Amino acid sequence: MSLQQDVMAAMKTAMKEKDQVALEALRAVKSAILLAQTSTGSKAELSEEEELKMLQKLVKQRKDSAAIYMEQNREDLAKPELDQAEVISQFLPEAMSEADIEKVVEQTIADVGANGMKDMGKVMGIVNKALAGRADGKTIATIVKAKLMA
């Protein structure tokens with residue numbers, strides 16, 4: 001089943017349960033899907049990679065907004081953002097642990113023969129492609145930087 005069909009099914013459930021937070025998050029996902037489809041000029045289905053990137057972007061936006069609200073002591077505004085991020089996250093594949101990410105980074109560094117920070121871009125490109133949708137870019141960058149500096 002495609003992401004769009006999954007979102008529509010979840011929206012129906014949220015409407016029946018009168019879950020406003022989930023409904024708002026799912027509408028944002030549906031809107032993002034439609035925008036992505038129409039931006040290409042055709043109603044073509046999005047690739048799985050494009051869907052993952054879009055979902056990650058939506059989750060990141062909500063987490064960033066929540067962090068800003070928390071800095072300003074506005075927990076009342078941060079909570080809905082975090083709740084929405086959680087609803088959207090259910091459509092993402094399960095995230096990898098830092099230990100698993102470290103193993104992939106170490107293997108990539110060995111394969112590429114990277115030594116030093118000058119090779120960070122090369123390593124990041126390969127690791128990001130390999131772990132698309134399963135790991136956060138910031139986490140990957142932190143681990144790559146630590147491994148290359150060691």
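Author: Let's start with a term: a helix here is a DSSP run of H or I at least four residues long, and helices are numbered from the N terminus. By that rule, Glu-17 belongs to helix α1. One more thing up front: this is a predicted model.

Reader: Then how many helices and strands does the protein have?

Author: Seven helices and zero strands. Read from the N terminus, the order is α-α-α-α-α-α-α. Along the principal axes, the C-alpha atoms fill a box of roughly 55 × 45 × 25 Å.

Reader: Since it's a prediction, where is confidence lowest, and where is it highest?

Author: The general idea is that coordinates with low pLDDT should not be read in detail. For this protein, the mean pLDDT is 87, and 97% of the residues reach 70 or more. Helix α7 (residues 137–149) is where confidence is lowest, with a mean of 85, while helix α4 (residues 75–89) is where it is highest, at 93.

Reader: Okay, on to packing. Which residues have the most contacts inside the largest nonpolar core?

Author: As a rule, nonpolar side chains in soluble globular proteins tend to be buried together. In this model the largest nonpolar core holds 23 residues, and Val-7, Leu-26 and Leu-55 have the most contacts inside it. Helices α1 (3–17), α2 (20–39), α3 (48–71) and α4 each supply at least two of its residues. The top contributor is α2, with seven residues.

Reader: What does Leu-55 touch, if I skip its neighbours within four places in sequence?

Author: Its contacts are Leu-3, Val-29, Ile-88, Phe-91 and Leu-92. Another core, of 14 residues, lies apart from the largest one; its members include Met-120, Leu-131, Ile-140 and Leu-148.

Reader: And how much of the protein is buried?

Author: Buried residues account for 32% of the 150. On the outside, the protein exposes about 9,500 Å², and carbon and sulfur atoms supply 53% of that.

Reader: Give me a single residue to practise on. Is Ala-85 buried or exposed?

Author: The cut-off to keep in mind is that buried means under 20% relative accessible area, and exposed means over 50%. Ala-85 sits in helix α4. Its relative accessible area is 1%, so Ala-85 is buried. Beyond four places in sequence, Ala-85 is in contact with Val-59, Arg-62 and Lys-63. Ser-39, on the other hand, is 46 residues from Ala-85 in sequence and 24 Å away, C-alpha to C-alpha.

Reader: Back to Glu-17, then: buried or exposed?

Author: Glu-17 has a relative accessible area of 57%, which means that it counts as exposed. If you'd like a distance across the model, the C-alpha atoms of Glu-17 and Pro-93 are 25 Å apart, with their positions 76 residues apart along the chain.

Reader: What about residues with an unusual backbone angle? Which sign does phi have at Lys-18?

Author: In general, most residues other than glycine have a negative phi. Lys-18 is not a glycine, yet its phi is positive, about 55°. You'll find Lys-18 in the loop between α1 and α2, and it is exposed, at 68% relative accessible area. Asn-73 is another non-glycine with a positive phi of about 55°. That residue is in the loop between α3 and α4, and it counts as exposed at 59% relative accessibility.

Reader: Now the C-terminal part of the chain. What does Glu-102 contact, neighbours within four places aside?

Author: Glu-102, a residue of helix α5, is in contact with Ile-143 and Lys-147. The C-alpha atoms of Glu-102 and Ile-140 are separated by 8.2 Å, although the two are 38 residues apart along the chain. With 30% relative accessibility, Glu-102 is partly exposed.

Reader: Where does Met-117 lie?

Author: In the loop between α5 (98–112) and α6 (120–130). Met-117 touches Lys-145, Leu-148 and Met-149, not counting residues up to four places away in sequence. From Met-117 to Val-144 the C-alpha distance is 9.1 Å, across 27 residues of chain. Met-117 is partly exposed, at 36% relative accessibility.

Reader: Last one, on the whole protein: how far apart are the mean positions of the positive and negative charges?

Author: They are 4 Å apart, for 21 positive and 24 negative charges. And for the contacts between residues at least 6 apart in sequence, 59% join residues at least 24 apart.

Terms used:
Residues numbered from 1 in each chain as written. Predicted model: local features only at pLDDT ≥ 70, side-chain atom pairs only at ≥ 80, totals over all residues. Heavy atoms only, no water. Buried < 20%, exposed > 50% of the residue type's maximum accessible area, 1.4 Å probe, protein only. Contact = heavy atoms within 4.5 Å. Areas by Shrake-Rupley, 256 points an atom, 1.4 Å probe, with all protein chains shown as cover. Lys, Arg positive; Asp, Glu negative; His and termini not counted. Charge placed at Lys NZ, Arg CZ, Asp CG, Glu CD. pLDDT = per-residue confidence, 0-100. Core = buried A, V, L, I, M, F, W, Y, C linked by side-chain atoms within 4.5 Å.
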